[in-house]
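Welcome! Please take a look at the model below and then work through the exercises with me, one step at a time.

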Amino acid sequence: MRRFLTVATVVALSVPAFAQSSEPEVTVTATRVSVPVENVGDDVDIITQEQIKEMGFTSITDVLKYVAGVHFYSTGGWGKQSNIFVQGLKGRYILVLVNGAPVNDPSTPDGNANFEWIDLNNVEKIEVLKGSQSALYGSEAIAGVINIITKKPEKNTFSVRLEGGKYKTFKENIYGALKLKSGFLSFSAENFKTNGFSATNEKAGKWTYNEDNDPFHYTTGTVSFGYFPSENVKFYGDFLVKGGYTDYDAGTFPARTDYDRLFSDLKAEIVSSDNLSWEILLSNNKENRESFDSGHGIYNGITRFISISPTYYLNNNAFLKLEASYRYEKVRSDYFNPIYNSHFTANKSQFIRSLFIEGYTEFHSVSISAAGRVDNHSRFGSHGTYKLSLSYRFSPTKTLIKGQYGTGFKAPTISELYGYYTSPYGKTVGNPNLDPEKSEGWNITLQQDIPLLKTSVFATYFKNRVWDRITTVKNGTTTTYTNSGKFRTEGLELKGEVSPFGFLKVYGNYTHTNIVGKENDKLRIPKDSFTLGFKLSYGRLTFNGWAEHYSSRKDKDYSTWPARTVRLSAFTTYNCYISYTLNDRVNIYAKGVNLTDKDYELAYGYNTMGRALFVGTDFRF
């Protein structure tokens, strides 16, 4: 098993996130140890750097919105506030990791990760683990975990990518790596700038709408290293710095947010014997935002994390993993609004200490894992969670059955406990008497291999319940937070791929989501969605075309008081990516977005990209 662990972490996977093939996939997120995907009971999707490149994705949200069971909305395009839903659950219930280190921003009201500020240029693969995962990862992991894994190069390489297109959009990227005798050293840098388009339209109302374009710009740099003093000791590290700005609409006021991000991690992998290995992880994520509109706000969110995790291999098919971890969050904010004569400052922190244990075993055609966790929160005391998963392969019919059940908890964010915000509609204040949210979730997956077509098809049924959910309540002109009842999400995911000819691949996924709860639980989430596409390869030419569909959705019109319920129309967009390899070193490509120029909304009153063309080239040395 330990030898398998070493090999599995460097396997290059080639299965699209929304399509599968007969090649074995390996996940490191579902069990915290590298295990074949078919041997875990969880609903897992893996996106590799090859798929990211061949689909022309430019952001994390570009990637995630094509994964079955995942939905997305944005308030105005590049750099604007965006959020995702996993199995009908909002981003507040999703834990985002970089190499296993948490990067959710505690200074945001819901504690979401800022997806629009996470880069793709140094990504090896992205693992999307759906379903209740608090037993493995603690708070925020009620809906699932997104683990972004950076590159670990195995050869010397240097590349340059240049891209430009509509809205005066330009992107320049360089990447270089050196394979050293005892490790590697790599670096990447990217500059992105666009004039963008107006984030809002007239429906957003006078307090928000502004018809001017809303530009977005960032510059980022990353240095990664691996140092292997011996076969049994390996060190990995990353350091990322990013800065930029985005304009947004706030009525008659010029509105802009400047931001910067610093992220670093250091991981040690130590094999102390044939049966025992250790992993030590330290990370620091700091995000700073400064906003200018009718007021002036400064927000700093810091997350520090340390974990020590031994893994003991009982035999070639079983292991026992333990972990002790400490997660510290701190928020500093200073907001002043001269129009409403409001001034608020805060300097708050909280921490979670955790103990985790997991067991995994395989026998005959069955794989079983079980995990338990105790989180001790600095404010809310101790909470226990657990998870069970099973995978069974019935060889005569080439059928795989997988199932998972887990419990979870979500601590209130610092903003929900102590926050303060003033707007034209009143003020929002925190509630220090909130209780944590609790949950349970399960899914069952049926995978059927079809040897004649050299493919597999997947069907997953999921169900999640959340109790003591945190929501807002209004008293006069003051809005605050409260624990209010429960809600449920359930649905079905279908996905598959087929290659009837060597030059053609057809792939797709479909998701049905049903939410039982209050109206606000259902906003912006389609009941039905699908992605359907094909890939044609002919010599040096590759053509990828796909359609994305969302059914109609409910939303709120916040330009009125009280806000009225509205309906967002169903839509289908068509997109393509064409690449041509001139030689071993040069590749040119073109990307078409929303080819039919469909006018649609992901959030009421906010615009989306019209028909757009982007062209670029890759140089490899």
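**Exercise 1. Find what share of the contacts in the protein with a separation of 6 or more comes from residues 24 or more positions apart.**

Solution. Start with the term: a contact means heavy atoms within 4.5 Å. Among contacts in the protein with a separation of 6 or more, 61% come from residues 24 or more positions apart.

Before going further, note how the model is read. This is a predicted model, in which local features need pLDDT of at least 70 and side-chain atom pairs count only at pLDDT 80 or more, while totals for chains, interfaces and linings use all residues. Residues are numbered from 1 along each chain as its sequence is written, and side-chain values use heavy atoms, with hydrogens and water left out.

**Exercise 2. Describe the overall build of the protein: its helices and strands, its radius of gyration and its buried share.**

Solution. Step one is the secondary structure. Helices (H or I, at least four residues) and strands (E, at least two) are DSSP runs, numbered from the N terminus. The protein has five helices and 37 strands.

Step two is the radius of gyration, taken over C-alpha atoms; the globule rule is 2.2 Å times the number of residues to the power 0.38. The protein has a radius of gyration of 24 Å, close to the 25 Å that the rule gives for 621 residues, so it is as compact as a globular protein of that length. Its C-alpha trace spans about 65 × 60 × 45 Å along the principal axes.

Step three is burial. Buried means under 20% relative accessible area, exposed over 50%, and partly exposed in between (1.4 Å probe, protein chains only). Of the 621 residues, 56% count as buried.

**Exercise 3. Examine the two largest cavities and say what lines them.**

Solution. First, the term. On a 1 Å grid over the protein atoms alone, a cavity is a set of points where a 1.4 Å probe fits but cannot get out, and lining residues have an atom within 4 Å of a point. Grid points are joined across faces, edges and corners, and a volume is the space filled by probe spheres set on the points. The search of the whole structure finds seven cavities of 30 Å³ or more.

Next, take the largest cavity, with a volume of about 160 Å³. Its lining has 14 residues, and Val 98, Asp 119, Thr 150, Thr 222 and Leu 240 lie nearest its centre. Strands E9 (144-150), E14 (233-250) and E15 (253-271) each supply at least two lining residues, and E14 gives the most, with three.

To sort the lining, count Ala, Val, Leu, Ile, Met, Phe, Trp, Tyr, Cys and Pro as nonpolar, Asp, Glu, Lys and Arg as charged, and the others, Gly among them, as polar. The largest cavity then has seven nonpolar, four polar and three charged lining residues.

Finally, the second largest cavity holds about 100 Å³ of space. Of its 15 lining residues, Glu 140, Arg 327, Glu 329, Gln 350 and Thr 413 lie nearest its centre. Strands E18 (318-337) and E19 (342-363) each supply at least two, and the lining divides into five nonpolar, six polar and four charged residues.

**Exercise 4. Trace the salt bridges of Lys 203, Arg 261 and Asp 449.**

Solution. A salt bridge is a side-chain nitrogen of Lys or Arg within 4 Å of a carboxyl oxygen of Asp or Glu. The whole structure has 29 of them.

- Lys 203 pairs with Glu 601, with the closest N and O atoms 3.0 Å apart. Lys 203 lies in the loop between strands E12 (183-194) and E13 (216-230) and Glu 601 in the loop between E36 (586-593) and E37 (612-620), so the pair ties together parts 398 residues apart in sequence. Lys 203 is partly exposed at 36%, whereas Glu 601 is buried at 11%.
- Arg 261 meets Glu 287 at 3.7 Å, N to O. This pair links strand E15 with strand E16 (residues 276-292), 26 residues apart. Arg 261 is buried at 3% relative accessible area, and Glu 287 is buried at 3%.
- Asp 449 pairs with Arg 393, the closest N and O atoms being 3.1 Å apart. Asp 449 is in strand E25 (residues 437-450) and Arg 393 in strand E21 (residues 381-394), 56 residues apart.

Notes
1 Å grid on protein atoms, 1.4 Å probe; cavity = no way out; pocket = protein on both sides within 12 Å on 5 of 7 lines; lining within 4 Å.
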